[in-house]
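Here's a walk through the salt bridges, the core and the strand pairing of this chain. Keep the structure open while you read.

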Amino acid sequence: MNKNAIITIMGGQKGKDIDDSIEFMTDGIFEKKNGGYRITYNESTMTGMDGSITEILADDRFVIMKRGGPFSGSMIFESGTRHLCRYKTPAGYMDMSVSTSEIKNRMTDKGGTIKLRYLLEIGGELISENDFNIKVKEVAR
């Protein structure tokens, strides 16, 4: 069953030409699904992906982030593994890879947290080291 939630996203990236962080809160939903959790929320102008919907599927081994809309694609995070993905943007397609060094999934039926640490490559070039933290808090309907 879908549960309403307040979702807080905190992200940071550091690289050769990048040292940036972002934090925002949004409404969304979450539910227990297939032994893990699914979290869904709308992106905002703050993330630069306004009009896109993000779905995060998290279990004990993987976190899969799917986006639909003007920015779309899927990223698979698995600790110790490099995954390739293709991302669609309004400017065209980007081939990327993510190499995940840490996943901490502390989701429960009341909400919880997910923490990711990963390297991002675009076109075979290391772009940034990234931290992504999501906090989900159930709210009454």
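Let's start with the charged pairs: the count comes to seven salt bridges. Keep in mind that this is a predicted model. As a reminder of the chemistry, side chains of opposite charge can pair when their charged atoms come close.

Three of the pairs, with their N to O distances, are set out here.

| Acidic residue | Basic residue | N to O distance |
|---|---|---|
| Glu31 | Arg38 | 2.2 Å |
| Glu121 | Arg82 | 3.2 Å |
| Asp95 | Arg86 | 2.9 Å |

Take the Glu121 and Arg82 pair, joined by a salt bridge at 3.2 Å. It ties together distant parts of the chain, with Glu121 sitting in strand S9 (residues 111–122) and Arg82 in strand S7 (residues 82–89), 39 residues apart. How exposed are the two partners? Glu121 has a relative accessible area of 17%, so it counts as buried, the limit for that label being under 20%. Arg82 is partly exposed, at 46%.

Asp95, which pairs with Arg86, is also in the partly exposed class, with a relative accessible area of 42%. Glu31, on the other hand, is buried at 12%. Its salt bridge to Arg38 has an N to O distance of 2.2 Å, and there's a further partner to look for: Glu31, Arg38 and Glu55 are linked in a network of salt bridges.

Now for the nonpolar side of things. Which residues touch the most other members of the largest nonpolar core? That core has 26 residues, and the ones in question are Ile39, Tyr41, Ile56, Met75, Ile114, Phe132 and Ile134. As for strands, S9 gives the most to this core, with four residues.

Ile134 is a good one to click on. Skipping its neighbours within four places in sequence, Ile134 is in contact with Ile7, Thr8, Ile9, Ile39, Tyr41, Ile56, Gly112, Thr113 and Ile114. Tyr41 turns up again around Thr26, a residue of strand S2 (residues 19–33). Leaving out residues up to four places away in sequence, Thr26 touches Ala5, Ile6, Ile7, Tyr41 and Asn42. Thr26 itself is buried, with a relative accessible area of 17%.

Next, the strands themselves. Strand S3 (residues 36–42) runs antiparallel to strand S4 (residues 53–58), and six bridges hold the pairing. To find the register, look at Tyr41, which stands opposite Thr54 in S4. S4 is also paired with strand S5 (residues 62–68), once more in the antiparallel sense and over six bridges. Here Leu57 stands opposite Ile64 in S5. What joins S4 to S5? That's a hairpin, and the connection runs through three residues. When you follow these strands, remember that in a regular strand the side chains alternate between the two faces of the sheet.

One backbone detail is worth a look before you go. Asn34 has a positive phi of about 50°, although it is not a glycine. Where does Asn34 lie? You'll find Asn34 in the loop between S2 and S3. Is Asn34 buried or exposed? With a relative accessible area of 75%, Asn34 is exposed, because that label applies over 50%.

Terms used: Residues numbered from 1 in each chain as written. Predicted model: local features only at pLDDT ≥ 70, side-chain atom pairs only at ≥ 80, totals over all residues. Heavy atoms only, no water. Salt bridge = Lys/Arg side-chain N within 4 Å of Asp/Glu carboxyl O. Buried < 20%, exposed > 50% of the residue type's maximum accessible area, 1.4 Å probe, protein only. Helix = DSSP H or I, 4+ residues; strand = E, 2+ residues; numbered from the N terminus. Core = buried A, V, L, I, M, F, W, Y, C linked by side-chain atoms within 4.5 Å. Contact = heavy atoms within 4.5 Å. Pairing = 2+ DSSP bridges.
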